[in-house]
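Me: Please take a close look at one part of this model, the largest pocket. What lines it, and which strands pair around one of its contributors?

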Amino acid sequence: MKRVLSQPHAREALKAGIDTLAGAIIPTMGPLTGPVALDDKTRGGSPELLDDGGTIARRILQLEDRDADVGAMLLRETLWRQREQYGDGAATAAALYQTVFAEGQRFISAGGNAMLLRQALQAGLKELLADLRRQVQAVTTIDEMYRLALTVCGDPDIAAALADIFDVLGAHGAIEVRDGGRELGHEFFLGSHWESQVPSNIVFEGFIGERIELTNSAWLISDFELDDLGALVKLVTDVYQAGYASLVILAKSFSEQIIAAQGANSRMEDFQLVYLEPTGLVDEQEAALEDLALITGGQVLRAITGHSLDAVAREMLGETELAWVEHRGFGIIAGGGGNEGKVKREIAALESFYVNSDDERRRKVLRARIGRLRGGSALVYAAGSSESELRYQRELITRTIAALRSALLEGSLPGGGTALLRCVKRLRARHEESVDLHEKAAWRILIKAAEAPCRTLLANAGHEAPGLVIEAVAAAANGAGYDLRLGRTVDMQEAGVVDSAAAVLAAVRNGIGGAALALTVDTIVHRVNPPLAIEPGGLPADADSGNIELK
């Protein structure tokens, strides 16, 4: 059995849910706000401290009002996607989404056509994004990196550490965040880094510390499921007789018999046998194997192409002079046997693919590959005296890394909503010259939306006359904006009040585009006992076609 909700009640329910979720997120926007303490009994432990709109949205799984819950979950999906891809801008997206939906609903209730309004909003959105892109400036110096990171995290120590890391590694550098002690810290590692897991800790037994250094190593790079003990013994013997001090084997899996053989080898004082399994999704594992082969000069051996352990020749193996292995990863510091020119050509090709791709999943894999092939990685240690503090700082560092990385790749925009206010003049001109009813409504809605982030920031800071500030900023010279900390108009770039251009553009695209789509929802159909979607945009694997149908 299903329950159906039609218009006008469906759109009213969507608005109630959007307002509820946005109301929990928008108060976190700006430099003069603090974190939200989320007391979730199902998680256990101390309350979670959050100041990130995307994460707050993710934690809200369901509203009691099932009708309003539909609107909340539509917005939740938009905000979490924004957070995952860009690290920043979720609160901005929430303000835009809420404004566009509220204004659009008012117009539709007065007799406007939802589909025509959506088309007009989409057309106006293209012009708004083009106007924003004209304001983008490159981020090149360490000072600019520091100021942008500070805008995102509000912590000078975190901002300084990440600016130092990106200044050394560049935009594609590999950075891992781990729990530390009571003080924030970071360190650099030479060479290239891969994530992996060890199928057995035998190689670490009796070893003091978490890292093993390997010198003069041979590398077998494969997707094998290893269970041929005789072939393994022959390979180890050949590698040992060739003068190598260690053999590292990457494979899909290792049988118990093969792992036992590693235990027997551990008693050899002058030779080490190390097993590693790549981690991540299939495309990430494939990329890891290809990069390792490029750097070591080895060959990726695949079972599907007929390769097998008993037919491995020495020229198929890669080699390194100095490498290291940990429980959760490994790295190559020096002496990879790959061709340097070939590696450089591959980097250039990957960078070209990155620029021309609009698939965020693919871009993520490409970023990792470029950073790995260029070499160099960093480790950041989050600090805190409690689990809540550690979790909070870990999330803050991760979010700032994503925002700073996107800014280095795609530039920055004046912060504090200033970039959007710079577009208001053009939007007003388009509104005045428009004669179509729906186009005129769309331009009016976009004007309201462009002002919404700045109004929200001022309201959160307790400003008494946000309208006057908005008019003053709109009339000021290009680049000028209102600094909430100083309480006056400044040049935003010089003051360091900047945002990642990629994050702002995505927030505008997701917030306005998502709301425009939601305005066209005509009917909500509820299932009687819907499965609960823990992750935004996803359902349990055993769920049927969905818990909500939109028509």
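Reply: Here is the pocket, followed by one strand from its lining.

This is a predicted model, where local features need pLDDT of at least 70 and side-chain atom pairs pLDDT 80 or more, while totals for chains, interfaces and linings use all residues. Residues are numbered from 1 along each chain as its sequence is written, and side-chain values use heavy atoms, without hydrogens and water.

The largest pocket has a volume of about 1600 Å³. A pocket here is an open set of points on a 1 Å grid over the protein atoms alone, where a 1.4 Å probe fits, with protein on both sides within 12 Å along at least five of seven lines. The volume is the space filled by probe spheres set on the points, which are joined across faces, edges and corners.

Lining residues have an atom within 4 Å of a point. There are 46 of them, and I175, E195, E284, K364 and A368 are the closest to the centre. By class, 18 are nonpolar, 10 polar and 18 charged; Gly counts as polar.

Helix α12 (360-374) gives the most, with nine residues. Among the other elements that each supply at least two are α3 (66-86), β4 (174-179), α10 (282-296) and β13 (318-326). Helices (H or I, at least four residues) and strands (E, at least two) are DSSP runs.

Now follow β13. Strand β7 (residues 212-222) runs antiparallel to β13, joined by seven bridges. Strands pair if DSSP finds at least two bridges between them. S217 has T320 in β13 as its bridge partner. Five bridges join β13 to β14 (residues 329-334), also antiparallel. There, L322 partners A334 in β14. A hairpin through two residues joins β13 to β14.
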